[in-house]
Amino acid sequence: MRRRRSASFRQDGRVADVIDIDDPADPRLDRFRDLAVADRRPDLPVGRGIVLAEGALVVRRMLASRFTPIALLGVERRRAELAADLDAIPAPFYRATAPVMAQVVGFHLNRGVLAAAPRPPELPLDQVLAGAATVAVLEGVNDHENLGAMFRNAAGLGVDAVLLGPRCADPLYRRSVRVSMGYVLRVPFARIADTRSDASWPVELDRLRERGFRLVALTPRPTARPLPAAVQADRVALLFGAEGPGLSDEAMRAADVSARIPMPPDVDSLNVATAAALAFYERLRGSG
């Protein structure tokens with residue numbers, strides 16, 4: 001096993017720690033190991049509590065967020081691409097070949113670089129809501145790709161924060177981070193309920209109403225109001241349910257108004273991330 005340490009000079013003359021590794025069993029790579037094995041994944045809260053950014057673009061967004069990398073693993077091409085961005089980051093960059101990386105993570109990583117950051121403390125609800133005019137509230141959104149897509153839509157369409165209700169997936173799971181293009185690291189989010197159960201849900205929605213938010217439940221029900229009229233308020237909380245079942249009856253009753261996206265009668269619903277994008281856009285258009 002050979003472990004070579006080399007120097008990558010920063011603009012200020014300091015040296016970034018670039019460590020060449022050709023042994024996939026090197027324990028320093030454990031933060032990146034076995035990403036395809038469910039009970040070994042290091043990016044679970046019950047595991048090592050690591051947040052993983054995959055690809056140069058997502059790594060850059062991590063570097064510009066409150067998630068501070070403690071280590072990176074990648075091929076030389078990606079290290080060179082990120083050299084300027086890593087200028088002020090003291091974390092080591094473990095440089096390896098693509099085959100070595102594949103043995104570590106458990107599959108071929110097309111994007112060629114990973115960054116690992118510890119999970120910081122979760123943001124309190126009051127901090128997330130401070131100054132927010134539009135928030136998304138999720139109930140039972142348990143698909144990581146849908147969740148990541150919703151964060152990406154939120155970033156692009158003027159949503160100030162995402163609030164997680166019961167039975168939601170972990171937004172910091174690697175797939176969610178990747179699908180969000182790193183925006184899950186940038187868009188503030190908070191838990192408005194115990195995400196594992198329905199305990200006390202949806203009483204927590206009253207906390208939004210007390211802060212002046214109009215609660216708008218998205219539903220395909222024909223009795224719901226057209227979306228454009230429903231989102232006209234100073235502060236709006238848009239409620240979305242899981243793919244398939246949608247919002248629970250309890251959440252629907254807790255909302256101030258239900259809203260629908262006009263669709264042909266033979267189409268029953270849209271993908272939840274797509275529906276969210278349309279609702280975000282309508283809210284942005286109406287408040288612009």
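This report describes the fold, the cores, the largest pocket and some single residues of one protein chain.

## Overall make-up

The structure is a predicted model. Its chain has 288 residues, of which 51% count as buried. Ten helices and 13 strands are found along the chain.

The surface that the chain exposes comes to about 13200 Å², and carbon and sulfur atoms supply 51% of that area. Contacts can also be sorted by how far apart the partners are in sequence. Among contacts between residues at least 6 apart in sequence, 70% join residues that are at least 24 apart.

## The nonpolar cores

The largest nonpolar core contains 53 residues. Within this core, the residues with the most contacts are Leu138, Val162, Leu238 and Phe240. Helix α10, residues 272-287, gives the core six residues, which is the largest share. There is also a second, separate core of 25 residues, and Val128, Ala161, Ala193 and Leu247 are among them.

Leu138 can be looked at by its partners. With neighbours within four places in sequence left aside, Leu138 is in contact with Leu147, Met150, Val162, Leu163, Leu164, Gly165, Cys168 and Phe240. Two of the names in that list, Val162 and Phe240, also appear among the residues with the most contacts inside the largest core.

## Helix α1 and its cover

Helix α1 spans residues 56-63, and its buried residues are Ala56, Val58, Val59, Arg61 and Met62. In an α-helix there are 3.6 residues a turn, so residues three or four places apart point the same way.

What covers the buried residues of α1? The cover includes three strands, β3 (50-54), β4 (71-74) and β6 (113-118), together with the helices α2 (76-82) and α6 (174-179).

## The largest pocket

The largest pocket has a volume of about 410 Å³. It is lined by 21 residues, and those closest to its centre are Leu218, Thr219, Pro220, Gly246 and Ser269. Two elements, β13 (257-260) and α10, each give two or more residues to the lining. Helix α10 is also the element with the largest share of the largest core.

By type, the lining residues divide into 13 nonpolar, five polar and three charged.

## Buried residues and their partners

Leu208 sits in helix α7, residues 205-210. Is leucine 208 buried or exposed? Its relative accessibility is 0%, so leucine 208 counts as buried. Beyond its neighbours within four places in sequence, Leu208 is in contact with Leu129, Val137, Leu163, Ile192, Phe213, Leu215 and Ala237. One of these partners, Leu129, is 79 residues away from Leu208 in sequence, while their C-alpha atoms are 8.7 Å apart in space.

Ala136 belongs to strand β7, residues 134-138. Alanine 136 counts as buried because its relative accessibility is 1%. Its contacts, again leaving aside neighbours within four places in sequence, are Val159, Ala161, Val162, Leu163, Leu238, Phe240 and Phe280. From C-alpha to C-alpha, Ala136 and Phe189 are 9.4 Å apart, and in sequence they are 53 residues apart.

## Two further buried positions

Cys168 lies in the loop between β8 (161-164) and α6. Its relative accessible area is 10%; because buried means under 20%, Cys168 is buried. Cys168 and Gly241 are 73 residues apart in sequence, with 9.5 Å between their C-alpha atoms.

Arg95 is part of strand β5, residues 93-95. At 17% relative accessibility, Arg95 also falls under the 20% limit, so Arg95 counts as buried. Arg95 and Ile19 are 76 residues apart in sequence and 5.8 Å apart from C-alpha to C-alpha.

## Positive phi angles

Most residues other than glycine have a negative phi. Which way does phi go at aspartate 34, positive or negative? Asp34 has a positive phi of about 55 degrees, although it is not a glycine. Asp34 is in the loop between β2 (15-21) and β3.

Met181 has a positive phi too, of about 60 degrees, and is not a glycine either. This residue is in the loop between α6 and β9 (189-191). Because its relative accessibility is 24%, Met181 counts as partly exposed.

Definitions and conventions: Residues numbered from 1 in each chain as written. Predicted model: local features only at pLDDT ≥ 70, side-chain atom pairs only at ≥ 80, totals over all residues. Heavy atoms only, no water. Buried < 20%, exposed > 50% of the residue type's maximum accessible area, 1.4 Å probe, protein only. Helix = DSSP H or I, 4+ residues; strand = E, 2+ residues; numbered from the N terminus. Contact = heavy atoms within 4.5 Å. Areas by Shrake-Rupley, 256 points an atom, 1.4 Å probe, with all protein chains shown as cover. Core = buried A, V, L, I, M, F, W, Y, C linked by side-chain atoms within 4.5 Å. 1 Å grid on protein atoms, 1.4 Å probe; cavity = no way out; pocket = protein on both sides within 12 Å on 5 of 7 lines; lining within 4 Å. Points joined across faces, edges and corners; volume = space filled by probe spheres on them. Nonpolar A, V, L, I, M, F, W, Y, C, P; charged D, E, K, R; others polar.
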